[in-house]
Amino acid sequence: MPATILDGTKIAAEIRAEVAAEVKSLTAAGHRPGLAVVLVGHNPASEVYVRGKVKASEEVAIYSEKHTPPETASTAELLELIHGLNVRDDIDGILVQLPLPAHVDAKKILLAVDPAKDVDGFHPMNVGYLSTQRPGLVPCTPAGCMEILKRSNIPVAGQEAVVVGRSDIVGKPVAMLLLNANATVTVCHSKTKDLPAVCRRADILIAAIGRAGMVTRDFVKPGAAVIDVGINQVTDRAEFNKFFAGHPKREESFAKKGSTLVGDVHPNVAEVASALTPVPGGVGPLTIAMLMSNTVRAAKLRRGLA
Ligand code: NDP
């Protein structure tokens with residue numbers, strides 16, 4: 001039986017509706033959650049992401065504001081901006097859109113964000129809270145992976161989970177969340193020996209690699225649940241054919257746009273997995289939904305309401 005396709009767009013909409021209800025009651029109590037997004041310079045991809053974040057805030061009635069210092073802004077100037085946001089009571093979340101220009105000390109900037117307002121969950125304080133199971137702010141994409149599992153009734157406790165990728169943004173935090181949820185967790189990376197064999201142990205396989213369609217059906221134990229975090233743009237016709245040849249919808253959009261998105265998981269995994277997230281429409285929509293959820297959580301934690 002082909003895998004159940006886990007609809008991230010639908011799950012994200014559920015979460016956004018829950019967030020909107022919480023925002024409404026917090027606002028009624030005089031605590032409207034507020035998010036500040038900092039976008040330095042003009043990176044077209046970052047501008048798209050920031051637009052999406054501001055729009056999502058508006059949809060759930062979170063107060064949001066955008067700060068757009070010029071490309072030439074110095075580390076000192078950005079630190080001053082962050083400090084100003086840290087001390088404002090109406091701002092609960094601060095998000096610094098990455099990447100920052102090369103001349104800026106990005107680590108210094110991220111470290112300057114008040115951990116209580118660090119809605120990306122990247123501050124070492126929040127990393128520590130996660131690994132010691134204390135209440136804090138959890139990175140959005142990994143939190144989204146867990147929501148997909150939970151809301152799809154995929155059991156985690158006692159299961160073998162394999163995470164491919166060990167980045168600070170996805171691989172490591174999702175591994176920690178799975179461990180905290182009592183899975184037996186293996187983390188793989190580019191030096192892992194016999195990756196397909198390790199992956200075949202998984203009841204839950206998470207791919208966060210950044211390589212189009214690398215996880216093929218021979219990586220997957222029949223019946224495993226597969227979460228595909230990867231977002232890769234395919235523009236080459238031969239590569240497109242490896243994944244989607246003859247797929248009418250994909251063919252149509254590839255012909256129109258000259259590109260299509262593919263995850264780290266090959267579509268043929270649907271033939272062996274029990275459940276699979278699509279790309280697009282899987283983990284991606286959860287990332288922004290969890291940012292909204294984190295902003296509300298930050299607002300509640302800061303006011304002792306969580
Ligand atoms: P990174 O490049 O930071 O990390 C990739 C990881 O994959 C590294 O740990 C690397 O190993 C490992 N890796 C690379 N090649 C191989 C290989 N051949 N075999 C085994 N492991 C390998 O990427 P991110 O974690 O930031 O992102 C991963 C993917 O997720 C990307 O496609 C990105 O676009 C996507 N993404 C999607 C988001 C969403 O909202 N859905 C949000 C964030 C990311 P090593 O450490 O040894 O180098």
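Begin by selecting Ala112, which, once residues up to four places away in sequence are set aside, touches Leu79, Ile82, His83 and Asn86. The model on screen is a predicted one, and the tour keeps to what can be selected in it. Ala112 belongs to helix α4, residues 106–112, and with a relative accessible area of 15% Ala112 is buried. If you also select Lys172, 60 residues from Ala112 along the chain, the two C-alpha atoms turn out to be separated by 22 Å.

Stay with α4 for a moment and select the loop between β4 (93–96) and α4, where Pro99 lies. The peptide bond that runs from Leu98 to Pro99 is cis, and its omega is near 0°. A cis bond can also be displayed between Val279 and Pro280, with omega about 0°; here the proline sits in the loop between β11 (275–276) and α11.

Next, select the ligand and the residues around it. Which residues are closest to the ligand? Of the 21 residues that surround the ligand, the closest are Arg166, Ser167, Ser190, Arg211 and Thr287. By class, the shell divides into 9 nonpolar, 10 polar and 2 charged residues, and its largest share, 3 residues, is supplied by helix α11, residues 283–302. For the individual atom pairs, show Ser190 in full, since an N or O atom in the side chain of Ser190 is 2.5 Å from an oxygen atom of the ligand. Then turn to the backbone: a polar backbone atom of His189 is 3.4 Å from a nitrogen atom of the ligand, and a backbone N or O atom of Val229 lies 3.5 Å from a ligand nitrogen atom. Of the 920 Å² of accessible area that the ligand has on its own, the protein covers 69%.

From the ligand shell, pick out Ser167, which is placed in the loop between β5 (160–164) and α7 (171–180). Ser167 counts as partly exposed, at 34% relative accessibility, and, leaving aside neighbours within four places in sequence, Ser167 is in contact with Lys172 and Pro173. Adding Arg217, 50 residues away along the chain, gives a pair whose C-alpha atoms are separated by 24 Å.

Now select helix α9, residues 237–244, and colour Phe240, Phe243 and Phe244, which are buried. Looking down the axis of α9, you will find that its buried residues fall within an arc of 70°, so they line one face of the helix. Rotate to the face turned away from that buried side, and the exposed residues Ala238 and Lys242 come into view. To see what covers the buried residues of α9, display elements including β9 (232–234), α10 (248–257) and β10 (260–262). Following α9 is Gly246, whose phi is positive, near 80°.

Two residues other than glycine make the last stops, both chosen for their backbone angles. Is Ala61 buried, partly exposed or exposed? Ala61 is partly exposed, with a relative accessible area of 35%; this residue is found in the loop between α2 (44–59) and β3 (63–67), and its phi has a positive value, near 65°. Finally, select Asn182 in the loop between α7 and β6 (184–188), where phi is positive at about 70° although the residue is not a glycine. Asn182 is exposed, with a relative accessible area of 52%.

Key:
Residues numbered from 1 in each chain as written. Heavy atoms only, no water. Near = heavy atom within 4 Å. Polar contact = N/O pair within 3.5 Å; in protein donor to acceptor, adjacent residues only side chain to side chain. Areas by Shrake-Rupley, 256 points an atom, 1.4 Å probe, with all protein chains shown as cover. Helix = DSSP H or I, 4+ residues; strand = E, 2+ residues; numbered from the N terminus. Nonpolar A, V, L, I, M, F, W, Y, C, P; charged D, E, K, R; others polar. Buried < 20%, exposed > 50% of the residue type's maximum accessible area, 1.4 Å probe, protein only. Arc of directions from axis to C-beta. Contact = heavy atoms within 4.5 Å.
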